[in-house]
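Biologist: I would like to learn how to read the surface of a protein model, one feature at a time. Could you take me through it slowly?

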Amino acid sequence: MSRFPVIVMALFAAFGAVAAPADDAAGSPLVRAGSQADVLRGSFRQEKYLAELDRPLVSSGRFLMARDHGLIWEIEQPFESTLIIGRQHMVQRVDGRQTLRLSRAEQPGLRVVAAVLMAVFQADMDRLRDFFDIRAVSGAGSGEGEGWHFVMRPTADSVAEFVARLTVHGADEKVERIEFEEPGGDRSVIRLQTAPDSESPLTPRERREFVD
Amino acid sequence: MGRAGLWLGGVAVLAATLAFWAHAGTFNLQSNLLALLPAPQRDAVTAAAMERLAEAGQRRLILVFSASDAAHRKSAAEAAAEVLSGSGAFSRVALRAEDWMNAAQRRNLRKSLDRYRFQLLAPADRAALERAAAEDGGGAGLDHFTARARARIYGMGAGGGGRFIDDPFGLTAAWHASMSVNPVAPELRVAADGRFYTRSADGERHGVLFAQGVEDPFGLSAQEGQMRVLERALERARAAAPGVEIRVAGVLRHAAAASRRARTEIAFIGTGSLVGLFLLTIWAFRGIRPLVLSVLAIGGGCLLAVVVTSALFGNVHVLTLVFGASLVGVAVDYCFHFFSRRWLSPQPRQALRGVLPAISLGLATSVLAYGSMAAAPFPGLRQMAVFAVAGLIGTWLGVLLLLPACAGPPPAATAPLRIVRRWLDRGLPALAGGRARLLAWAAGLSLCLALAITALWLDPDDDIRLLYNSAPALLDDERRIAELLGSGTAARAIVVRGDGPESVLRAEAAVLDDLRAAGIDTAQWSAITRAYPPPSVQRQNYRLLQRTLYAPDGPLEDFLTQLGFGAEAVCAHRADFAEAEGREWAFSEWLAGPAAQGHGFLWLGENAGQWASLILLHRVSDPGRLAGVLESHDDAALLDRVARISGLLRDYRGLATGLLLVAYGLAWLLLSLPFGWRGAFAVLLPPMLASVLVAALFAVTGWAFSLFNLFALILLLGMGADYGIFLRLADGAERAAAMVAVWLSAMTTLLAFGLLALSRTPALHSFGLTLAVGIVLTFLLAFLANGGRRVEGTGG
C-alpha cells in the first residue's frame, strides 16, 4: 500500500521544480518555487510499461494538490478511481465505492509518506535529500522543449524498496514528464499539464474530500 | 596455641577459597530483588511466562529526546546512539526502523515468503473474501478486489517491488502492509526518514531510541559497565544539543540505584554496628584486646557465611549482605558472654566452660529460628538464613577456638557490672520478685488485649512495592515514557496453552478474534498470530482463494486478459497458484527466521509437557471486558506479574505465620529438656508477648505489616529466647555477669536493627523496625519472666 505515495512524493518534488530549472543540485530554487503555490490543479496522462505486457496501460485524469491538505489523484479513463492522500488517512475510491482506507494511526508507513509529502509541499529540500541523491541536468535536451531534468536516486532504504530511479523532465518553468522506474523493471511515464485555474483556492467540496 | 592455630588455619582456607572464586569469576554479587522471591509454584508454564516477561522488560533501555527543534533532537539521539552501539554493552541500538530490519533484510524476507503468498491474507482481505464466499462464491463481493487491483495498476506507482502478475489482486502487498504494524508500543511512530518518534498530547514530537543490554542488568559488573556507557551516552547527547531534555526508562537505572543504595546501607549499618560494638566493648571490658578478639571472631564468622552462601547458591545477594551486616550485633553476644564471665572465672578455659552450655543452647535456638526461615521455599530468605546460620556457627567456633587461647589477663570489674548489680537490686528484676501471680495475670491480660487489637486492626500489606521503591525522579521518567509510547508500566499478558504448537496457535487466534469482536483496541496487544498465521489459517486462506478469486469460473482470467496479459502469462500464474496448494509456512521456520523479530519472545515453547504462548497487553483500558472475553476460553488466562508477586507475598505470609508457631513449638520442646515445661514457657514468654505487642503496634499505627515483619518475629524468637536462657542458666554470682552480657548484647542488637530500620528498602525497614521494637520489649519482659528467681544471689 505504501507504494502509491512514493511516486506522489516524486511528483511533488517535481512540482517544486516548476519555477526553477535547476542550475545545480542545490535546493534553493526549489524552496522559492515550492513556497509559492498553495494549490495546484491540472490534468495528467500516465503510461505504465509492464514487462509482461506488449502495450502500455494508459490512464488519464485530473489532480489537485493542496499545500496544507494533501493530494487528490483522480483517474477518469479508463475507469473512475480517486486516490486521496490526506494528513490523517489515505482513501481510494473506485466507481464511488471505497476500496481502501488507511489511517495514519494503524499504518505507520502512511505517516512516513504523509510527512514526506508535507516536506515536499513546504519545499523542504533538506528533507528530500534524506531520501534521494538528487542530480540536476540543465539543458540536456533528451526530452521535448527547452530541456532540463532531474535524476533522483533513492538513498533511504524505505524509498529504495519502491523506486529505482526517478526522472523529472521540464521545460522553462513547467514540469512536463516524470519517469518512474521500479526495482522490478516496471516503468511509468506521467505527463502533466497545469490547468488555467490551477492556483485558485480550494472549493468547499475539495476541502471536504480531504477531511472525509 | 593449638586451637587458635586451628582457627587461623580455617580462616586462611576460607579466605583463599574466596580469593580463588573472585579470581576465577565464580563469585557473583546479585542485586535483582525479585531473585529473592520464590518462583511461582503453581506450574511450569506460569513460571516460564513470568520469567519471559521479566526478561523482555529487564534488558530494554528506552531513551526519549524532547526538544522543539528537530535538528537538536536528531543530533542528541545520534550522539547517544553512537556511544551505546559502539560500547559493546548494548545491542540492537535502534534510532530508526531500519536499525532493526533494513531494506535488504526485508527484501530477503519477502522473497523467502513468496512461496507462501497464496497462504497469506491480511485480516481485512480475509474478511472480505469470506463475505464474498458466503454470497455464493463471488460475484459482487469480488468486485472489490478487481476494482482495487485496477486502481492499483492504473494508479500511481503500482507494482512496487515485485511484478504485478505475481500479485494481481494486491493480496500479498496488503498482507505485508498489515504486518508492518509495529509491535513495540502502540504510540510509537516512524517518521519519514525512518526515525522513531512519538507525539505528546500537546502535539510536540519526541525522538525515541531503543537499546538492549547484552547482559542482565542485575549482575553487578554488567550493571556498572552499562551504567558507565549510559552516562557517557547522555553526556555526549547533552553536549551535542544542550537544550534537549532526555528521559530514560529501563530496569538498568533502577537496578543501579538499588545496588548503590544497598552498598551505602551495608557501609552505614556495618559501620554503625561496629562503632557501637567498639564503644560498648571498650567501655565494658576496659581494653582493646576483647574488642580485637570479638571483631576477629565475628569476621571469621562472616567469612564462613559468605563462602558457604556462595557455595550453596552460586551467588550472594546484596540484600543478604545488608542483612548480614546487621547480624554482627547478634554474633557478638557470644563474645560478650565469654568476656563478662571472666570477671568470675579469670581462667579463660574455665570461663569458656562456664558459658559454653548457655551460648550453645543460644546458638541452637537461633539456628532453629533461622532454620525455620530457610524452610520456606523463598530463595532470598533461604539465603539470608543460611548466611545467618553459617555466620553464627562461625562466630561460635571463633569463641570456642580463638578467644580462650588469646584472651590475655582477666578484665577488671567495671562500671557496667556495678550498674547491673544496682539494676538487679532495685530495678525491674527486684520489682518482679515475689509478684509472680500479678505478673502472670498482667502478661495474660496484655497478651489477650494485644491479640485482640492485632486481630481487629492489623491490615497486612502484600504489595510488591515492599521490595521496590525507586527514586521518584526515576519513576517519573518511567511513567512519562510509558505514557508517550502508550504502553503501561506494568507487564501484563495473557497466557494461552495447548498440547502442541498448533493447538496453542489455534487457541491464540480464537482469543484474538474474540478480543477484536469485543471491540478491544488492537493497538493494545502484541501476539504471535498477528505476525504469523497458524497452519490452519493458512489452509483456510488457500481454500478461500480457491473458492473465490481463483475459482475456475472466478474473475482471474477475465481480469488479466482485459488488462492485456497474454494467455501464457495468465496460465503461468494459474499454475503458480495450483502448485502452491498444500504449502505450509511452518511455525518452526517462522520462529527461526527474521519474521519472528519482535514477536518471537512471546513463544514460551514447551514447559513440563504443556505448550504456551503469550499475548502481551500494552495496556488494558477495560479490564472488565477483557475478563469477560477470557472467561469463555479455558485455555487462556490473564497473567498479571505484579498481582502474581503480591499474591506470592500473601501466600508466604500465611506460611510464615505457621512457621512462627511451629518454631515456638519446637523451641518449647528443646528448652523443656533443661528447664522443664514451665521454665521453657517462661523463657519463651518474653519474645512471644513482645511479638504480639509489636503486631498490635503495627495494627494501631497502620505501618505496613508484611511477610518481612513475620520473619523478623521468627528471629525475635531466636534472640529473645537467648536472654531467658542466659538469665536462667546463671545463678548467684554468675548472674550479674550474665546480665551484663545480655544487656550489652541487647544494646548491640538494638543498634544493628535500629540501623536496619533506617534502610530505604521497605522490606528491610519493616524487618529492622519490628526487631528493634521487639528486642526492647523482649529484653524488659525477659527480666520480668526470668529475673524474679533467686534475687538474693546478687552479692558477687
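**Reading patches and a buried charge**

Modeller: Let us begin with B:R418, which has a relative accessible area of 49% and is therefore partly exposed, since that class runs from 20% to 50%. Please keep in mind that this is a predicted model.

Biologist: Where does B:R418 lie, and which residues form the positive surface patch?

Modeller: B:R418 sits in helix α15 of chain B, which covers residues 415-426. The positive patch on the surface is made up of B:R286, B:R418, B:R422 and B:R426.

Biologist: Which residues form the nonpolar patch on the surface?

Modeller: That patch consists of B:L274, B:V275, B:F278, B:L279, B:I282, B:I288, B:V292, B:V295 and B:L296, and together they have about 730 Å² of accessible area. Two helices of chain B, α10 (251-285) and α11 (288-313), each give two or more residues to this patch, and the largest share, five residues, comes from α10(B).

Biologist: Is B:L279 buried or exposed?

Modeller: B:L279, which lies in helix α10 of chain B, counts as exposed because its relative accessibility is 58%, and the cut-off for exposed is over 50%.

Biologist: What is the nearest side chain of opposite charge to B:E265?

Modeller: B:E265 is also found in helix α10 of chain B, but this residue is buried and has no salt bridge, and the nearest side chain of opposite charge is B:R261, 4.4 Å away. A polar atom of the B:E265 side chain does, however, lie 2.7 Å from the backbone nitrogen of B:R760.

How values were computed: Residues numbered from 1 in each chain as written. Chains lettered and ligands numbered in written order. Predicted model: local features only at pLDDT ≥ 70, side-chain atom pairs only at ≥ 80, totals over all residues. Heavy atoms only, no water. Patch = residues over 30% accessible without salt bridge, like charges linked within 9 Å, V, L, I, M, F, W, Y side chains within 5 Å. Areas by Shrake-Rupley, 256 points an atom, 1.4 Å probe, with all protein chains shown as cover. Salt bridge = Lys/Arg side-chain N within 4 Å of Asp/Glu carboxyl O. Helix = DSSP H or I, 4+ residues; strand = E, 2+ residues; numbered from the N terminus. Buried < 20%, exposed > 50% of the residue type's maximum accessible area, 1.4 Å probe, protein only. Lys, Arg positive; Asp, Glu negative; His and termini not counted. Charge placed at Lys NZ, Arg CZ, Asp CG, Glu CD. Polar contact = N/O pair within 3.5 Å; in protein donor to acceptor, adjacent residues only side chain to side chain.
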